[in-house]
Every structure is written in structure tokens, then in C-alpha cells.
Amino acid sequence: YLRLAWSYLEPQEGRFRWEIVDGPAQRWIARGKKIALRFSASEGDRGVGTPWWVKDAGAKGYFFA
């Protein structure tokens, strides 16, 4: 199971960093394991999940406890 913030996967609009998913995934697949992926727009650290370019484009958001 790989959980990754959307902001790490797509730091710039339309530019994906698939290598940060492929590397760990391929290591487990090579061992005959199945994997699960989760890309999150909300993570524990404030502001980490959603990329800044989304916010800069005017998307509204909020923080919750």
C-alpha cells in the first residue's frame, strides 16, 4: 500500500512524477506481491496534499480538525 500526496505526484500542472510510484511498486511486484495506491489531496501536514498550482488557480479549500 502506497499512500502519496497529490502534490508530490503532480507538482506542476500536467507534469507527473511517475517514477516515485514506479520504483516502490516494481520492487513489490517483482516479489510477486500486489499493490494498492492512494493519491490524496489531504494529508496530515497542512497544505501538503493539494499542489500549490491548484490553489494559485483559485481553488478554495479549508482545514478541518
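## Exercises on a predicted protein chain

Tryptophan 52 is exposed, with a relative accessible area of 58%. Keep in mind that this is a predicted model. Let's work through it.

**Exercise 1. Work out where tryptophan 52 sits, and how far it is from tryptophan 28.**

*Solution.* Start with the label "exposed": the cut-off is a relative accessible area over 50%, and tryptophan 52 has 58%. Next, find its element: tryptophan 52 belongs to helix α3, which covers residues 52-56. Now jump to tryptophan 28, which is 24 residues away along the chain. The C-alpha atoms of the two tryptophans are separated by 31 Å.

**Exercise 2. Describe the order of helices and strands along the protein chain.**

*Solution.* Count the pieces to begin with: you should get three helices and two strands. Then read along the sequence, and the pattern comes out as β-α-α-β-α. To pin some of this down, β1 covers residues 2-5, α2 covers residues 19-30, and β2 covers 37-40.

**Exercise 3. Check whether the length of helix α2 agrees or disagrees with its number of residues.**

*Solution.* Helix α2 has twelve residues. The rule is 1.5 Å times one less than the number of residues, so the helix should span 16 Å. Now look at the model: the end C-alpha atoms of α2 are 16 Å apart, so the two values agree. While you're there, look just past the helix. Glycine 32 follows α2, and its phi is positive, near 80°.

**Exercise 4. Leucine 4 and alanine 5 are both in strand β1. Are they buried or exposed, and what do they touch?**

*Solution.* Use the cut-off for buried, which is under 20% relative accessible area. Leucine 4 has 13%, so leucine 4 is buried. Alanine 5 has 4%, so alanine 5 is buried too.

Now for the contacts, skipping residues up to four places away in sequence. Leucine 4 touches Leu9, Ile20, Val21, Arg38, Phe39 and Ser40. Alanine 5 touches Ser40, Glu43, Val48 and Gly49. So Ser40 turns up in both lists.

Finally, compare sequence with space. Leucine 4 and glycine 49 are 45 residues apart in sequence, yet their C-alpha atoms are 8.3 Å apart. Alanine 5 and threonine 50 are also 45 residues apart, with 7.2 Å between their C-alpha atoms.

**Exercise 5. Place isoleucine 35 and decide how exposed it is.**

*Solution.* Isoleucine 35 lies in the loop between α2 and β2. Its relative accessible area is 36%. Partly exposed is the range between 20% and 50%, so isoleucine 35 counts as partly exposed. Leaving aside neighbours within four places, isoleucine 35 is in contact with Ala25, Trp28 and Ile29. Proline 24, eleven residues away along the chain, has its C-alpha atom 9.6 Å from that of isoleucine 35.

**Exercise 6. Compare the protein chain as a whole with a compact globule of 65 residues.**

*Solution.* A compact globule of that many residues would have a radius of gyration near 11 Å, whereas the protein chain has 14 Å. Then check the dimensions: the C-alpha trace spans about 45 × 30 × 15 Å along its principal axes. Next comes burial, where 18% of the 65 residues count as buried. The accessible surface comes to about 5,300 Å², and 54% of it belongs to carbon and sulfur atoms. Look at the charges last: there are 11 positive and 7 negative ones, and their mean positions are 8 Å apart.

Note on methods:
Residues numbered from 1 in each chain as written. Predicted model: local features only at pLDDT ≥ 70, side-chain atom pairs only at ≥ 80, totals over all residues. Heavy atoms only, no water. Helix = DSSP H or I, 4+ residues; strand = E, 2+ residues; numbered from the N terminus. Rg over C-alpha atoms; globule rule 2.2 N^0.38 Å. Buried < 20%, exposed > 50% of the residue type's maximum accessible area, 1.4 Å probe, protein only. Areas by Shrake-Rupley, 256 points an atom, 1.4 Å probe, with all protein chains shown as cover. Lys, Arg positive; Asp, Glu negative; His and termini not counted. Charge placed at Lys NZ, Arg CZ, Asp CG, Glu CD. Contact = heavy atoms within 4.5 Å.
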